[in-house]
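Subject: Structure handover

Hi,

Here is the structure we talked about. Please open it first, then read my notes beside it.

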Amino acid sequence: MNLLRAVAIAGLCAGMIACQPEQAETAKPAATKTIQAPSFTATALDGSVVSTSDLEGKAYIVNFFASWCPPCCAEIPDMVELQSEYEKKGFTFIGVAVNEDEARMQDFIQSNGINYPVVMVDQQIIDAYSRYARGGLRSIPTSFVISADGALSSVVVGAQSKAAFDDLITVALDAGQ
């Protein structure tokens with residue numbers, strides 16, 4: 001048994017040595033490229049016009065969600081609270097309702113106290129944001145964080161905690177200063 005174990009360990013060590021990468025060359029860091037936020041204009045369900053051109057100089061998060069999506073619903077109360085907290089500092093969430101009926105979404109907005117604009121998804125919005133999510137917009141919730149300097153600063157897939165959203169908002173606001 002000890003001989004078998006010794007042979008297995010020796011084989012494993014030989015395999016690890018054989019798989020070692022060659023000495024790495026010193027690489028220059030890749031130039032960072034700022035990606036400007038995708039643009040769109042849409043009518044929110046409250047009748048207001050939401051246009052990214054009107055948001056120049058402001059930080060915002062475009063959040064793709066649905067009323068039938070449990071993780072989406074879980075993050076909405078935190079988003080409502082953070083909207084109230086950061087709106088005066090030049091921040092807003094923009095909800096993009098996916099695969100929804102407009103009347104049902106109106107009821108959902110009211111019953112959840114959503115205090116930020118919500119638009120119905122359309123092809124223009126999908127085309128604008130899809131290329132920035134790995135593999136396209138394939139799951140919800142997906143949030144696109146736009147810094148106050150107009151750059152797409154991050155894309156986050158999956159429900160976020162209040163603390164995670166707070167951090168994203170703070171960084172996005174600070175980018176404009």
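Start with Asn99. Asn99 has a relative accessibility of 62%, over the 50% cut-off, so it counts as exposed. Look for Asn99 in the loop that links β4 to α3. Its backbone is worth a look too. The phi angle of Asn99 is near 50°, which is a positive value in a residue that is not glycine. Keep in mind throughout that this is a predicted model.

Now the overall layout. The chain has 177 residues, and 38% of them count as buried. Five helices and seven strands make up its list of elements. Reading from the N terminus, their order is α-β-β-β-α-β-α-β-α-β-β-α.

**Strand β3**

Next, go to β3, residues 59-65. Is this strand enclosed or open? Seven of its seven residues are buried, so the rest of the structure largely encloses β3. In a regular strand, side chains alternate between the two faces of the sheet. You can check both faces here. Ala59, Ile61, Asn63 and Phe65 sit on one side of β3, and all of them are buried. Tyr60, Val62 and Phe64 sit on the other side, and they are buried as well.

Which strands pair with β3? One is β4, residues 91-97, which runs parallel to β3 and is joined to it by seven bridges. Try finding Phe65: its bridge partner in β4 is Ala97. Another is β6, residues 142-146, which runs antiparallel to β3 and shares five bridges with it. Here Ile61 stands opposite Val145 of β6.

There is also a helix to add. Together, β3, helix α2 (residues 70-86) and β4 make a β-α-β unit, and it is right-handed.

**Strand β6 and its hairpin**

Move on to β6. Five of its five residues are buried, so this strand is mostly covered. Thr142, Phe144 and Ile146 point one way from β6, and all three are buried. Ser143 and Val145 point the other way and are buried too.

β6 also pairs with β7, residues 152-157. These two strands run antiparallel, with five bridges between them. Thr142 has Val157 as its bridge partner in β7. β6 and β7 form a hairpin, with five residues between the strands. In that turn, Gly150 has a positive phi of about 90°.

Just ahead of β6, check the peptide bond between Ile140 and Pro141. This bond is cis, with omega at about -5°. Pro141 lies in the loop between α4 (123-130) and β6.

**The nonpolar core**

Which residues of the largest nonpolar core touch the most other members? They are Phe93, Met105 and Val118, out of 30 residues in that core. The elements that give two or more residues to it are β3, α2, β4, α3 (102-111), β5 (118-120) and α5 (162-174). Helix α2 gives the largest share, six residues.

**Two contacts across the sequence**

Take Cys72 in helix α2. With 0% relative accessibility, Cys72 counts as buried. Cys72 and Thr142 are 70 residues apart in sequence. In space, their C-alpha atoms are 8.9 Å apart.

Now take Phe165 in helix α5. Phe165 also has 0% relative accessibility, so it counts as buried. Phe165 and Leu82 are 83 residues apart along the chain, yet 8.1 Å separates their C-alpha atoms.

**The largest pocket**

Last, the empty space. Rolling a probe the size of a water molecule over the atoms shows where such space is left. The largest pocket has a volume of about 180 Å³. How many residues line it? There are 16, and those nearest its centre are Ala37, Thr52, Glu56, Tyr60 and Gly150. Two of these names have come up already: Tyr60 belongs to β3, and Gly150 sits in the turn of the β6-β7 hairpin. By class, the lining has six nonpolar, seven polar and three charged residues.

Best wishes

Methods
Residues are numbered from 1 along each chain as its sequence is written. This is a predicted model: local features need pLDDT of at least 70, side-chain atom pairs count only at pLDDT 80 or more; totals for chains, interfaces and linings use all residues. Side-chain values use heavy atoms; hydrogens and water are left out. On a 1 Å grid over the protein atoms alone, a cavity is a set of points where a 1.4 Å probe fits but cannot get out, and a pocket is an open set with protein on both sides within 12 Å along at least five of seven lines; lining residues have an atom within 4 Å of a point. Grid points are joined across faces, edges and corners, and a volume is the space filled by probe spheres set on the points. Ala, Val, Leu, Ile, Met, Phe, Trp, Tyr, Cys and Pro count as nonpolar, Asp, Glu, Lys and Arg as charged, and the others, Gly among them, as polar. Buried means under 20% relative accessible area, exposed over 50%, partly exposed in between (1.4 Å probe, protein chains only). Helices (H or I, at least four residues) and strands (E, at least two) are DSSP runs, numbered from the N terminus. Two strands pair if DSSP finds at least two bridges between them. A crossover is right-handed if, with the strands pointing away from the viewer, the path from the first strand over the helix to the second runs clockwise. A nonpolar core is a set of buried Ala, Val, Leu, Ile, Met, Phe, Trp, Tyr and Cys residues joined through side-chain atoms within 4.5 Å.
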